[in-house]
Amino acid sequence: MATVDLVMPKMGESIMEATILKWHKKAGDFIKVDETLLEIATDKVDSEIPSTTEGVVEELLFNVNDVVAVGTVIARIKNGGDSSQAGVQSSSPSAETSHTISQQSNFEPTGYSQQREQTVAAETPTSKSQIPNQNRFYSPLVLNIAAQEGVSMTELENMPGTGAEGRVSKKDILQFVSDKRAGKIQESGVRSQELGGQNKEQQEMVIPMNKVEQKSEPQANQLTTYTGNVEIIEMDRMRRLIADHMVRSKHTSPHVTSFTEADVTNLVQWREKVKKDFEKREGTKITFTPLFIEAIVRCIKRFPLINSSVDGTRIIVKKDINIGMAAALPTGNLIVPVIKNADGYNLVGLAKQVNNMADAARNNKLKPEDISDGTFTLTNVGTFGSLMGTPIINQPQVAILAVGAIKKRPVVIETPSGDSIAIRHMMYLSMSYD
């Protein structure tokens with residue numbers, strides 16, 4: 001009998017940790033290859049993690065709602081493999097395991113499973129052991145937020161972390177910044193031997209750990225009481241992540257929103273005329289969204305700076321045109337699947353991509369790569385009956401376009417023979433940009 005270690009898979013280039021939502025098996029249960037072992041969530045998408053081996057679940061190393069770093073061992077499974085073969089396979093994942101992961105889950109197979117002798121597994125230290133603060137790992141997202149908010153490395157090293165092995169998560173640093181701005185954390189110096197050659201200004205930015213804990217712990221345990229007839233609804237995980245993402249966007253970019261209106265009468269009449277034949281011929285519906293995306297692609301080609309991101313004092317112009325489209329989830333929350341290389345599709349191709357992404361979102365079938373690498377975002381506030389809105393930029397992009405509900409209104413029509421008033425289909429567009 002050999003033991004296989006299952007580790008938290010890499011869910012994308014920028015994903016450094018994930019939250020365990022649900023275990024589908026418990027210790028002592030039998031599990032098959034590719035059978036779902038657990039469900040996890042990142043700040044982008046929820047996913048099911050399959051087992052890479054068949055056997056009996058020996059140990060689950062984390063609990064539900066634990067935040068686990070990528071590459072950390074999360075479970076151990078005893079399989080029926082020959083122990084003599086386990087030692088040979090211990091240095092690298094099996095070819096069959098790697099193939100299964102890449103084909104079934106689109107996760108990176110490197111380091112996902114490692115087979116070894118049971119005696120070796122017993123000697124492996126638990127992944128929950130703490131490491132010194134000065135040596136702990138910081139994700140690119142945490143470092144980026146720290147740089148934007150002026151959080152020093154000394155503050156990071158002294159910051160309490162709720163992630164695996166005491167790592168600082170996005171939630172931790174955002175809470176730290178919020179508390180600091182609200183005056184809940186007093187800025188103070190520390191011992192000179194801890195600071196080395198830092199100047200006075202740097203010393204004043206450092207916050208001793210005991211003061212952070214004294215300020216933050218009572219806040220976490222204190223419950224606010226409400227008077228009157230109220231109903232308290234706890235936000236689900238996705239809504240909390242959306243809120244954090246939107247707040248961070250406002251802190252990152254100074255938003256400006258411009259409004260205009262468009263006469264889309266010809267567009268509405270054309271769609272009404274062709275939609276039945278289009279669906280019969282192409283096997284998919286033609287909605288307004290692919291028409292809007294096609295127009296956005298043409299505008300980006302004329303004004304490429306709106307398809308960019310900002311890195312310090314540098315503007316990174318993206319040559320790929322990847323259009324994100326806000327889509328509703330069954331829970332009522334929104335997610336932004338991305339149509340990669342949208343300029344490479346004709347109208348039929350865009351219609352199929354839009355419908356496929358929308359269906360995947362409604363059925364919780366989106367994969368991590370489906371919501372990554374967007375360069376510009378479209379959101380349709382008209383689906384909620386709104387005439388216009390002020391959308392929040394989807395970082396690290398620099399602009400987002402909102403389209404409102406299409407309404408019939410009397411408008412002035414200018415013609416060579418004179419002006420007239422006619423009933424037209426009108427729509428407001430609002431673009432927020434940095």
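Q: What makes E4 and strand E5 (residues 46-50) a pair?
A: Five bridges join E4 to E5 in this predicted model, and two strands pair once there are at least two bridges between them. So E4 and E5 count as paired, and they run antiparallel. At one spot along them, Ile-40 stands opposite Ser-47 in E5.

Q: How do you know that strand E2 (residues 17-23) pairs with E4 too?
A: Count the bridges again: four of them join E2 to E4. At least two are needed, so this is a pair as well. E2 and E4 run antiparallel, and Ile-20 has Ile-40 as its bridge partner in E4.

Q: Why is strand E4 (residues 36-41) called largely enclosed?
A: Because five of its six residues are buried. Buried means under 20% relative accessible area.

Q: Why is His-425 called buried?
A: Its relative accessible area is 17%, and the cut-off is under 20%, so His-425 makes it into the buried class. His-425 lies in strand E20 (residues 418-433).

Q: What does His-425 touch, leaving out residues up to four places away in sequence?
A: The list is Ala-262, Asp-263, Val-264, Thr-265, Val-268, Ile-406, Lys-407 and Lys-408. Each counts as a contact because heavy atoms come within 4.5 Å.

Q: Why is the Glu-261 and Arg-409 pair called a salt bridge?
A: The closest N and O atoms are 2.5 Å apart, and the limit is 4 Å, so the pair qualifies. It links distant parts of the chain: Glu-261 is in strand E10 (residues 256-263) and Arg-409 in strand E19 (residues 407-415), 148 residues apart.

Q: Are Glu-261 and Arg-409 buried, exposed or partly exposed, and why?
A: Partly exposed means falling between 20% and 50%. Glu-261 comes in at 41%, so it fits that class. Arg-409 has 26%, so it fits there as well.

Q: What makes Lys-275 and Glu-272 a salt bridge, and how are they placed in helix H11 (residues 265-282)?
A: Their N to O distance is 3.3 Å, so they pass the 4 Å limit. Because they sit three residues apart in H11, about one helical turn separates them. Lys-275, at 27%, is partly exposed, and so is Glu-272, at 49%.

Q: Why is Arg-281 called exposed while Glu-282 is called partly exposed?
A: Exposed means over 50%, and Arg-281 has 56%, so it is over the line. Glu-282 has 22%, which puts it in the class between buried and exposed. Their side chains meet in a salt bridge, at 3.0 Å from N to O. Elsewhere, salt bridges that share partners join Asp-5, Glu-59 and Arg-76 into one network.

Q: How many salt bridges does the structure hold?
A: Twelve.

Q: What makes Leu-305 eligible for a nonpolar surface patch?
A: A patch residue needs over 30% relative accessible area and no salt bridge. Leu-305 has 54%, so it clears that bar, and it also counts as exposed. Leu-305 is found in the loop between helix H12 (288-302) and strand E11 (308-311). Together with Val-310, Ile-315 and Val-317, Leu-305 makes a patch of about 350 Å².

Q: What does the whole protein look like in numbers?
A: There are 13 helices and 20 strands. Buried residues make up 39% of the 434 residues. The protein exposes about 24,300 Å², with carbon and sulfur atoms supplying 50% of it.

Methods:
Residues numbered from 1 in each chain as written. Predicted model: local features only at pLDDT ≥ 70, side-chain atom pairs only at ≥ 80, totals over all residues. Heavy atoms only, no water. Patch = residues over 30% accessible without salt bridge, like charges linked within 9 Å, V, L, I, M, F, W, Y side chains within 5 Å. Areas by Shrake-Rupley, 256 points an atom, 1.4 Å probe, with all protein chains shown as cover. Helix = DSSP H or I, 4+ residues; strand = E, 2+ residues; numbered from the N terminus. Buried < 20%, exposed > 50% of the residue type's maximum accessible area, 1.4 Å probe, protein only.
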